[in-house]
Amino acid sequence: MSGLSSLRRNLIAILMLAVVGAVLLPWQGKLQRESQAAHFRTIPMNLTLREQIGQSGFLAALSGFRAPLAAFLWIDAHSAWEKTEWGRMAGLFNTVTTLQPHTLLYWDIAAWHMAWNASIAALHDTKQQSEVLRERARRQYIDLGRDFLERGIRNNPDNYLLYERLGILLRDKVEDHSAAADAFAKAASFPDAPSYIGRFAAYELEKVPGREREAYDRLLTLYHQGKKQWMPSLLTKIRKLEIKLKIPPDQRIPDVGVKDSSPSR
């Protein structure tokens, strides 16, 4: 009897999802066409997604419940974080971002957990005696974090946030200053991007051998935008490059004696 009851409940649940799906299908089709017209990427409703979320989850996603399902899985990922289950957490993040590819928060936090929290945990994993393997695991989690950001950018190319986050990861975790400069420069090109991101791009460029002149020109452009850009770090780097590039004294910036409490920006 219990088997028949369970079968009946499942059939009722599937029937309800099918009814809701039939109601939502025209609206979802219209939304998909509008998204394609706007060059947004759509969710790949394929066997890979079905394997990730199971049959019930796949039916829910088909029926227009992608956002609630993603939120539920996001909470589950938080639970995995508390238990330091990094592999399960990565899988849940992958599913959540697949279900909601235009939610920047999901890409941003997923990348942060992988590239920072999981990578550090892997490096200090006392269960792994081999330092080589710990280092390899650390790099794999950093690469995973980078992959989240790059996929997030492909799905949301018209927002500065994930470009900025990619620049921070490349700067702090990969130490690829040339690539970090390019990512920050892309982020800074958006009209609504905070002004400090442009400085970040120039600061990273100053660290790249062979690109000092390019860095100097960018720093000088920022300097000529006015006092709002005259951070101590910016002035210091300009003067350092003036000496390195042998800029004539009459072309160098004056000693304005600006003070600021946020030298990192």
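## Notes on an all-helix model

1. Let's start with one residue: Glu175 counts as exposed, with a relative accessibility of 59%. Here "exposed" means over 50% relative accessible area, "buried" means under 20%, and "partly exposed" is whatever falls in between, using a 1.4 Å probe and protein chains only. Glu175 sits in the loop between α7 (161-174) and α8 (177-188). It also has a positive phi of about 60°, although it is not a glycine. That's worth a second look, because most residues other than glycine have a negative phi.

2. Before going on, some ground rules. This is a predicted model, where local features need pLDDT of at least 70 and side-chain atom pairs count only at pLDDT 80 or more, while totals for chains, interfaces and linings use all residues. Residues are numbered from 1 along each chain as its sequence is written, and side-chain values use heavy atoms, leaving out hydrogens and water.

3. Now the overall picture. The protein has 11 helices and 0 strands. In these notes helices are DSSP runs of H or I with at least four residues, strands are runs of E with at least two, and both are numbered from the N terminus. Of the 265 residues, 40% count as buried. The protein exposes about 15400 Å², and carbon and sulfur atoms supply 57% of that; the areas come from the Shrake-Rupley method with a 1.4 Å probe, and for residues only the protein chains shown count as cover.

4. How much of the contact comes from residues far along the chain? Among contacts (heavy atoms within 4.5 Å) with a separation of 6 or more, 57% join residues 24 or more positions apart.

5. On to the inside. The largest nonpolar core has 63 residues, and those with the most contacts inside it are Met114, Leu234 and Ile238. Helix α5 (residues 104-123) gives this core its largest share, 9 residues. A nonpolar core here is a set of buried Ala, Val, Leu, Ile, Met, Phe, Trp, Tyr and Cys residues joined through side-chain atoms within 4.5 Å. As background, nonpolar side chains tend to be buried together in soluble globular proteins. Take Leu234: not counting residues up to four places away in sequence, it touches Arg199, Tyr203, Leu219, Leu222, Tyr223 and Gln229.

6. Which way do α5 and α6 run relative to each other? Helix α5 packs against helix α6 (residues 131-155) at an angle of about 175°, with the axes 7 Å apart. The axes are lines fitted to C-alpha atoms over the stretch in contact, and angles run from 0 to 180 degrees between N-to-C directions. The two helices are therefore roughly antiparallel, a label used for angles over 145 degrees. By class, their contact has 14 nonpolar, 4 polar and 4 charged residues. Nonpolar covers Ala, Val, Leu, Ile, Met, Phe, Trp, Tyr, Cys and Pro; charged covers Asp, Glu, Lys and Arg; the others, Gly among them, are polar.

7. Ile153 is part of helix α6, and it is buried at a relative accessible area of 10%. Its C-alpha is 8.9 Å from that of Trp107, even though the two are 46 residues apart along the chain. Leaving aside neighbours within four places in sequence, Ile153 is in contact with Leu162, Tyr163 and Leu166.

8. Is Ala180, in helix α8, buried or exposed? It is buried, with 0% relative accessibility. Beyond residues up to four places away in sequence, Ala180 touches Gly167, Leu170, Arg171 and Glu204. The C-alpha atoms of Ala180 and Ala201 are 7.2 Å apart, with their positions 21 residues apart in sequence terms.

9. Arg218, in helix α10 (residues 212-223), is partly exposed at 27% relative accessible area. Apart from neighbours within four places in sequence, Arg218 is in contact with Ala181, Ala185, Ala201, Ala202 and Leu205.

10. One last spot to check: Lys246, in the segment after α11 (232-244). Lys246 is not a glycine, yet it has a positive phi of about 55°. At 70% relative accessibility, Lys246 counts as exposed.

Conventions:
Angles under 35 degrees count as roughly parallel, over 145 as roughly antiparallel, 65 to 115 as roughly perpendicular and the rest as oblique.
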